[in-house]
Amino acid sequence: MADVGEVLMSVLSTIRVPKPGDRVHKDECALSFSSPESEGGLYVCMNSFLGFGSQYVDRHNARSGQRAYLHITRTRKAKKEDDNNSGSGHPPKKKPTRLAIGIEGGFDVEQEQYEEDVKVVILPDRQEVASDDLTTMPDVVRERVSLSMAGIMAADSVSHTLQVQQWDGEVRQESRHAADLKQLDNGVKIPPSGWRCEVCDLQENIWMNLTDGKVLCGRRYFDGSGGNNHALLHFQETGYPLAVKLGTITPDGADVYSYDEDDMVLDSKLPEHLAHFGIDMMTMEKTERTMTELEIAVNQRVGEWEVIQESGTTLRPLFGPGLTGMKNLGNSCYLNSVMQVLFTVPDFQSKYVSNIDKIIDEAPSDPTQDFKTQVAKLGYGLLSGEYSKPALDPGDENGASEPRGDQIGIAPRMFKALVGRGHPEFSTNRQQDAQEFLLHFINMVERNCRSGPNPSEAFRFLVEERIVCQQSQKAKYTQRVDYIVQLPVPMDQATNTEELQEAERRREEGDSSAPTVRAQIPFTACMAALSEPEILTDFWSSAVQAKTTATKTTRFASFPDHLVIQIKKFTFGLDWVPKKLDVSIDVPDTLDLSALCATGQQPGEELLPEVAPPPLMTPDVEVKAPVLDDSTVSQLCEMGFPLEACRKAVYYTGNTGIDAAMNWIMGHMDDPDFSAPLVLPGCSSVTTPTESLSEEHLATIVSMGFSRDQATKALRATSNVLDRAVDWIFSHLDDLESMDVSEGGRSAAESEGREPPPGPRVRDGPGKYELFAFISHMGTSTMCGHYVCHIKKDQQWVIFNDQKVCASEKPPKDLGYLYFYRRVAE
């Protein structure tokens with residue numbers, strides 16, 4: 001075997017020192033969830049700075065030819081016994097006093113202590129070089145390798161950079177009204193205690209308006225607690241923007257709310273503003289909880305949280321394949337819950353997990369940025385059972401105690417960074433709506449599965465909308481693609497109305513002991529609200545050539561293999577304040593939607609005539625091509641529809657948006673001229689964008705390594721805009737690799753007279769389903785709180801609460817937010 005110094009010299013040109021901007025993956029394998037703490041540690045390529053677990057480093061060496069890797073292993077230090085240990089084996093956690101993460105007084109962020117071992121390993125012979133060994137080597141070797149080792153260890157890992165370690169929910173901005181706040185000289189003086197709402201006599205949650213000194217109660221919360229909105233109503237009547245919460249005033253400050261800015265704010269002149277009404281800020285003492293303390297209480301409260309998380313019972317931890325927990329990366333429970341459910345769907349398992357070896361073999365040089373690889377990595381991590389092992393109890397290095405619910409689990413950092421990249425919400429560490437993330441992820445799957453099996457088809461279905469003009473009784477049928485059924489919650493159908501009214505009456509009378517009563521809504525009432533006709537009061541009827549009243553009825557034109565139902569719990573009050581409906585719905589285990597199957601045009605029923613809008617012309621200038629919304633055309637093309645059909649859809653719907661254009665397409669897919677070029681009224685020639693393609697733009701794209709046909713397709717899809725065409729072509733590589741285009745610009749299938757598939761495929765079958773999973777939300781809105789999911793595995797309900805995976809004793813099926821059904825085989 002060659003001397004290690006000579007080997008290092010031979011690979012010295014491939015060893016790089018990280019520069020600012022280099023992505024250093026030293027915490028997680030690019031192809032698995034191995035880390036420096038895993039068995040075998042992590043190998044970081046000293047050229048690309050990609051990390052690989054022991055099972056994948058040889059593969060990377062063989063494929064890339066890179067030989068020098070920094071091998072990092074970490075072992076956890078034994079934790080010192082806490083002086084205040086309660087004796088339960090768990091150090092007591094301080095109660096949070098600040099709405100923050102990772103800073104003093106905030107919610108704890110677990111920080112493990114590790115001993116680290118670092119050395120250079122040369123493959124394929126696995127020759128090892130420790131830091132001390134470098135002292136005997138030539139200066140050029142010692143300097144380059146030492147700098148690279150130090151640079152890799154000192155660099156912020158990608159996971160650290162992406163993960164916000166500190167978040168402070170108490171950071172407030174100075175109100176724009178504070179400096180010049182108008183205060184009325186009305187002689188009002190506020191006593192130092194004994195405040196009551198001037199309207200309803202409520203004694204809690206009392207606010208004083210800083211303009212006129214009115215003392216009124218605060219907002220009503222989603223669960224019926226709080227105030228009666230009198231302070232808010234006063235602002236809406238007067239426009240006086242700032243109010244201070246009485247009882248929170250101390251020499252250090254107070255809670256100040258700006259109704260105009262709709263946020264908690266700072267008032268640098270608060271002592272002066274309070275003195276105007278006789279309040280000496282320096283002598284006041286705190287008697288009420290601040291808004292921050294109330295929010296912290298909401299994030300720790302029992303009730304809904306306790307029931308959904310099944311906190312009242314001792315749950316049996318589960319381990320094994322398909323029972324893997326996911327670490328919460330800071331408000332990532334929405335992602336964890338959705339992905340746990342999706343990877344119980346056979347389509348996602350077969351697409352990404354069954355083919356993982358093939359996917360990894362075909363992965364690009366930087367697999368951290370490849371969608372298919374990262375989804376497969378996540379799916380395998382959840383289903384394999386490799387990471388479904390009990391987390392060591394702090395202080396129990398030998399694993400002698402009974403396993404707790406927590407697992408080692410997986411931390412989906414790369415996946416979260418990739419699917420959230422460029423998105424204004426999912427790229428942050430803020431809490432998000434699980435339903436919105438589900439649709440976002442399905443959209444990404446759609447874009448990345450244009451060739452080959454598409455697992456999103458499991459959820460895709462067609463909706464038929466039937467609109468009947470009440471004046472002419474003629475009908476119009478349209479179809480659209482959807483993935484989720486949004487089920488309304490008819491609060492007026494509650495079966496415990498008397499209990500609700502009694503609790504409301506007692507609360508309005510200031511009875512603090514009044515119980516919080518949850519509305520009981522029958523599932524059948526929700527389904528009835530979904531299926532009942534909607535009245536359209538401003539419908540333009542082509543039959544009568546005028547606006548009139550119409551009814552719209554929605555039915556299933558196809559039934560998907562897997563049905564997702566969203567309970568529309570989140571709404572707005574009369575004052576446009578977001579609120580969550582606190583309801584219990586008796587969601588059934590089995591569901592038969594056969595009665596909601598679309599029937600199409602009825603015998604003897606006349607259809608509304610389809611009248612095209614007038615040609616789109618610019619004033620006084622005749623144009624040869626229609627003025628079309630390029631973005632809508634591009635979106636439709638990306639869904640797989642023929643370009644000319646997309647152009648016609650946008651034209652015949654008058655550039656009114658993607659929904660209208662999509663409805664037009666679904667209603668004309670069977671037309672014999674569906675894919676034929678657009679012909680304008682009054683024009684004898686076909687209007688196509690072919691003639692206007694810029695040769696310069698074509699040459700630019702061809703010079704990037706694409707064929708002329710591919711460049712032509714990209715420019716056509718983006719109306720000859722070069723920058724957009726380049727973006728389009730790079731986001732459609734799978735499409736372009738499989739395309740077979742003739743010189744005329746049409747596919748070979750079209751040249752032979754065979755029309756390509758006109759649009760998205762949908763599966764269909766019986767409308768009978770069984771419940772197999774549901775996702776629940778705890779908290780006041782989708783932007784805060786916590787998500788968990790329950791999944792039925794082998795006839796046993798299992799609760800997935802981030803890293804905790806346990807057998808469910810009382811699955812709270814009546815409190816869910818998203819419900820997942822699968823078709824029952826007949």
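Helix α14 (residues 434-448) has these buried residues: Ala-434, Gln-435, Phe-437, Leu-438, His-440, Phe-441, Ile-442, Met-444, Val-445 and Glu-446. Buried here means under 20% relative accessible area, exposed means over 50%, and partly exposed is in between, all with a 1.4 Å probe and protein chains only. Helices (H or I, at least four residues) and strands (E, at least two) are DSSP runs, numbered from the N terminus. Keep in mind that this is a predicted model, where local features need pLDDT of at least 70, side-chain atom pairs count only at pLDDT 80 or more, and totals for chains, interfaces and linings use all residues. Residues are numbered from 1 along each chain as its sequence is written, and side-chain values use heavy atoms, with hydrogens and water left out.

Back to α14. At 1.5 Å a residue its 15 residues should span 21 Å, and the end C-alpha atoms are indeed 21 Å apart, which agrees; the expected span is 1.5 Å times one less than the number of residues. At the N-terminal end, Asp-433 acts as the cap, with a side-chain oxygen 3.0 Å from the backbone nitrogen of Gln-435.

**Other helices**

In α17 (residues 630-638), the buried set is Thr-632, Val-633, Ser-634, Leu-636 and Cys-637. After α17 comes Gly-640, with a positive phi near 105°. Helix α20 (residues 695-702) buries His-697, Leu-698 and Ile-701. Look down the axis of α20 and those buried residues fall within an arc of 100°, so they line one face of the helix; the arc is that of the directions from the helix axis to the C-beta atoms.

Ser-531 belongs to helix α16 (residues 523-531). Is Ser-531 buried or exposed? Ser-531 is buried, at a relative accessible area of 17%. Setting aside neighbours within four places in sequence, Ser-531 is in contact (heavy atoms within 4.5 Å) with Thr-553, Arg-555 and Leu-596.

**The six-stranded sheet**

An open sheet is built from six strands in the order β8-β13-β12-β11-β9-β10, with mixed pairing. Its edge strands are β8 (173-174) and β10, each of which pairs on one side only. Strands count as paired if DSSP finds at least two bridges between them.

Strand β9 (residues 206-209) sends Ile-206 and Met-208 one way and Trp-207 and Asn-209 the other way, and all are buried. β9 pairs with β10 (residues 215-217) in the antiparallel sense over three bridges, and Ile-206 has Cys-217 as its bridge partner in β10. The hairpin of β9 and β10 has five residues between the strands, and Gly-213 there takes a positive phi near 75°. β9 also runs antiparallel to β11 (residues 242-245), joined by three bridges; here the bridge partner of Asn-209 is Ala-243. Further along, β11 is joined to β12 (residues 256-258) by three bridges, again antiparallel, and Leu-242 stands opposite Ser-258.

The loop between β8 and β9 holds Lys-182, which is exposed with a relative accessible area of 56%. Not counting residues up to four places away in sequence, Lys-182 touches Leu-210 and Thr-211. The C-alpha atoms of Lys-182 and Leu-210 are separated by 8.5 Å, though the two are 28 residues apart along the chain.

**Two hairpins around β27**

Strand β27 (residues 796-801) is mostly covered, with five of its six residues buried. Here are its antiparallel pairings.

| Partner of β27 | Bridges | Example pair |
|---|---|---|
| β26 (residues 786-793) | five bridges | Cys-789 with Phe-800 |
| β28 (residues 804-807) | four bridges | Val-798 with Ala-807 |

β26 and β27 form a hairpin with two residues between them, where Asp-794 in the turn has a positive phi of about 55°. The hairpin of β27 and β28 has two residues between the strands too, and Asp-802 takes a positive phi near 55°.

**How far to trust it**

The chain's mean pLDDT (the predictor's confidence in each residue, from 0 to 100) is 81, and 78% of its residues reach 70 or more. Among the elements of the chain, strand β1 (residues 42-45) has the highest mean pLDDT, 97, and helix α24 (residues 748-751) the lowest, 32. The pLDDT is below 50 over residues 298-303, a stretch with 10 contacts in the model beyond near neighbours in sequence. It is also below 50 over residues 737-759, and that stretch has 27 such contacts. Where pLDDT is low, the predicted coordinates should not be read in detail.

Note on methods: A polar contact is a pair of N or O atoms within 3.5 Å; within protein, one must be able to donate a hydrogen and the other to accept it, and residues adjacent in sequence count only if both atoms are side-chain atoms.
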